[in-house]
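Let's take a walk through this structure together, starting from one residue and working outward to the chain and its cavities. Keep the viewer open as you read.

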Amino acid sequence: MKKITLSLLLMSCVQFLNAQDTCLTATAISAGTHVVTAVNGTQVPDPICTDNGSGATTGEWYTYTPTQNYTVTITTNIPANTPKVDTRFHVYTGSCSELFCYAGDDDTGAGYSSVDTFVVLAGTTYYIAWDNRWTASGFTFELNQGPYVAPVPTPITYLNQAVSGLSSGYNTCVVDMNGDYLDDIVGVTSTNIRVHRQNAGGGFTVLNYPTTNADFMPTWSIAAGDYNRDGFNDLLYGAGNGLTFMKSNGTGTAYTEDSPGQYIFCQRTNFVDINNDGHLDAFSCHDVNPNVYYINNGWGAFTYYQSGTTPGALNLGIIPSGGNYASIWTDFDNDGDSDLFISKCSGPACELHRNNGNGSSYTDISIASQIDVTPVQSWSSAVNDFDNDGDMDVLIGSNGSVGHMFFRNNLDTSTVAFTNITAGSGFDTDNSINRDYVSYDFDNDGRVDVLGSGNKIFFNQGNNAFSAVSYSAIGVGAIGDLNNDGFLDILNGGTIRYAVPNTNKWLKVTLNGIQSNRNGIGARVEIYGAFGKQIRDIRSGEGFEFMSSLNAHFGIGQSTAITQVIIRWPSGIVDTINNPTPNQTVNVVEGSTLSNESFTNAEFSIFPVPAKNLLNIKSNSNLTFENAQLFDLTGKKVLDSKIENETINIESLTTGTYILLLNDNNGKPYSQKIIKE
């Protein structure tokens, strides 16, 4: 009798359901445990409600209509699934003829299981669809009802819009591809680059650039930057066994594929000027071996190095066990050059490598900085000035059994560089996990927020405290201003989540390097006003997978004025713009705010300034200068001339102000502003 009672009890708790093959034939479920026998019904349609793209061919459908308001959790991270099952689900509202994404999850739970918590309203029907992206076999899921908690008022809201015609491959890059400083969408396949070019008046123009077959695809990450200095961004694909460069042909209308061929278990890839010579190099985390990088010779050709292995290689992470998952290049010690932070996954502590500024050495200061906390289980970190004190802080995001860790940078007050301030930050009570964490001021209130795990944005409340706000199926993706309204949007697969502007004001700063790399990657942008000081570093590649805008975005809340913008270029040049008007884009060409007066330094002199026909360039040392380039104040190259008898002819130029770029016989660049009469 006892066995019968137990059996009946189990049958009342577990509802064994036949395959629910279509949205229209979905069977209603209530709270409890449910068994999916197989995922073999109608494919889940667009819009896909998670951040990992489509890739499914079948689905299983259920409906749920609560009788009162609840906070609901749907999960496969339960003991019934032992071992854990890699699942993915989507939750829709609307009707089968017109579905709208509401919630969903892919990998938040342990073992890539699914967990999502969201608010439901009485009488509303929610469509729950499991797909076969990762598994078509059976599994068990739970739907749990908890007390209704009214959603926290959202500082920013989003409108979701599916984008037609995106590449069916990797839609993981948002960056300006044609030099107009408007963010575009880049989707790639092995034989095509498809650019949704943002139009100045709104909307997109779709352009396809067929390529030769890419040996390696961006299965793990993608980076962008103009490494051959032709005015158009190039791409770097990181795969599980190597990387591929896609180089623009000089007009942005075709790309050349180059796969160097070295075995690399690529994780995060970046473009960055590693040796401070003004040219973009390429870096890749190596999961199972020391990290690797490629040094640019100045003409877009690369030489391969592996840390601690190749003769003459820099120390940029040489632990043989690997576990190098995500690299962020940013100026941690405020000395004007980019340092390297590496998030670790497989046990060893995260690493911090300080750029010594000489172009030839880095120092591992992980222990000295006290950021070498173990154990750590992270795929990426969010790095930004979260407390607006003028230096970069670090959130090491959780993607496993070890929780988030939040560190404050104390370089201005202490010899101990970082202090663990996780307790009380809001990250200490968040148990969700994710592989990608990125930081931007999403609501333009002047404080940098974090987009990471659990379909949440962690909004910065000040004083290093964050409040999580849940969104329907939002996830980390490529980020940029895709409608040029000053608010940052998020690309999730084939859907743009357009930020709905609030009343906060903003400033966007775009850069054109002359002596530094063209994108200004590695530059620091600072703004000042009654709100205090804010900083941004220009980076190619952050978080784990995606490539986001190379433009610097600032929110200033309700402030009505900005007193100053300062750009500290990798070259050491400092440009200053006074009193820019908020709610606009400011484009800065390197050196454009420098003095026009005659110029003399230890290496060379330029005279006369202003000049009419001839400009004299006199060496004051053993250096020789063979070639000179001149750029107008929009950054356009207008003259490329050999230097003969320490003179160049500028008679062909129209009257105006220009920026002169010189390279000495050692390849070192120099620049100076001049006037043509």
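T256 counts as partly exposed, because its relative accessibility is 45% and that class lies between the limits of 20% and 50%. To find T256, look in strand β19, which covers residues 255–258. Once neighbours within four places in sequence are set aside, T256 is in contact with F245, M246 and K247. Now turn to T82: T256 and T82 are separated by 174 residues in sequence and by 47 Å in space, C-alpha to C-alpha. Please bear in mind throughout that this is a predicted model.

T82 is worth a pause of its own. The peptide bond that runs from T82 to P83 is cis, and its omega is near 0°. P83 sits in the loop between β5 (70–75) and β6 (89–95). Where else can you look for a cis peptide bond? One joins F607 and P608, with omega at about -10°. P608 belongs to the loop between β47 (604–607) and β48 (614–619).

Two further residues are a good place to go next. T157 lies in strand β11, residues 157–162, and is partly exposed with a relative accessible area of 36%. Apart from neighbours within four places in sequence, its contacts are Y498, A499 and V500. How far apart in space are T157 and N213, which are 56 residues apart in sequence? From C-alpha to C-alpha, T157 and N213 are 40 Å apart. D389, for its part, is found in the loop between β28 (381–384) and β29 (393–396). The relative accessibility of D389 is 31%, so D389 counts as partly exposed. D389 and K533 are 144 residues apart in sequence, yet their C-alpha atoms are 7.3 Å apart in space.

With those pairs in mind, step back to the whole chain. What does its secondary structure come to? The protein chain has one helix and 53 strands. Its radius of gyration is 27 Å, close to the 26 Å that the globule rule gives for 677 residues, so the chain is as compact as a globular protein of that length. Along the principal axes, the C-alpha atoms fill a box of roughly 105 × 50 × 50 Å. Among contacts with a separation of 6 or more, 56% are between residues 24 or more positions apart. Of the 677 residues, 58% count as buried. The protein chain exposes about 25400 Å², and carbon and sulfur atoms supply 52% of that area.

Now for the backbone at two residues that are not glycine. Y181 has a positive phi, near 70°, and its place is in the loop between β12 (170–175) and β13 (184–189). Is Y181 buried or exposed? Its relative accessible area is 17%, so Y181 is buried, the limit for that class being under 20%. N484 also has a positive phi, about 55°. This residue is found in the loop between β36 (478–480) and β37 (489–492), and at a relative accessible area of 34% N484 is partly exposed.

From here we can go inside. Rolling a probe the size of a water molecule over the atoms shows where empty space is left. A search of the whole structure finds three cavities of 30 Å³ or more. About 210 Å³ of space lies in the largest cavity. Its lining is made up of 17 residues, and those nearest its centre are Y440, R536, D537, E542 and N551. The elements that give two or more residues to this lining are β32 (438–440), β41 (532–537) and β42 (552–557). By type, the lining of the largest cavity divides into five nonpolar, seven polar and five charged residues.

The second largest cavity holds about 120 Å³ of space, and here Y181 comes back into view, as one of the residues that line it. The others are V175, D176, D183, N233, L511, R518, N519, L550 and N551. The lining of the second largest cavity divides into four nonpolar, three polar and three charged residues. As you rotate the model, try N551 as a landmark: N551 is among the residues nearest the centre of the largest cavity, and N551 also lines the second largest.

Definitions and conventions. Residues numbered from 1 in each chain as written. Predicted model: local features only at pLDDT ≥ 70, side-chain atom pairs only at ≥ 80, totals over all residues. Heavy atoms only, no water. 1 Å grid on protein atoms, 1.4 Å probe; cavity = no way out; pocket = protein on both sides within 12 Å on 5 of 7 lines; lining within 4 Å. Points joined across faces, edges and corners; volume = space filled by probe spheres on them. Helix = DSSP H or I, 4+ residues; strand = E, 2+ residues; numbered from the N terminus. Nonpolar A, V, L, I, M, F, W, Y, C, P; charged D, E, K, R; others polar. Rg over C-alpha atoms; globule rule 2.2 N^0.38 Å. Buried < 20%, exposed > 50% of the residue type's maximum accessible area, 1.4 Å probe, protein only. Contact = heavy atoms within 4.5 Å. Areas by Shrake-Rupley, 256 points an atom, 1.4 Å probe, with all protein chains shown as cover.
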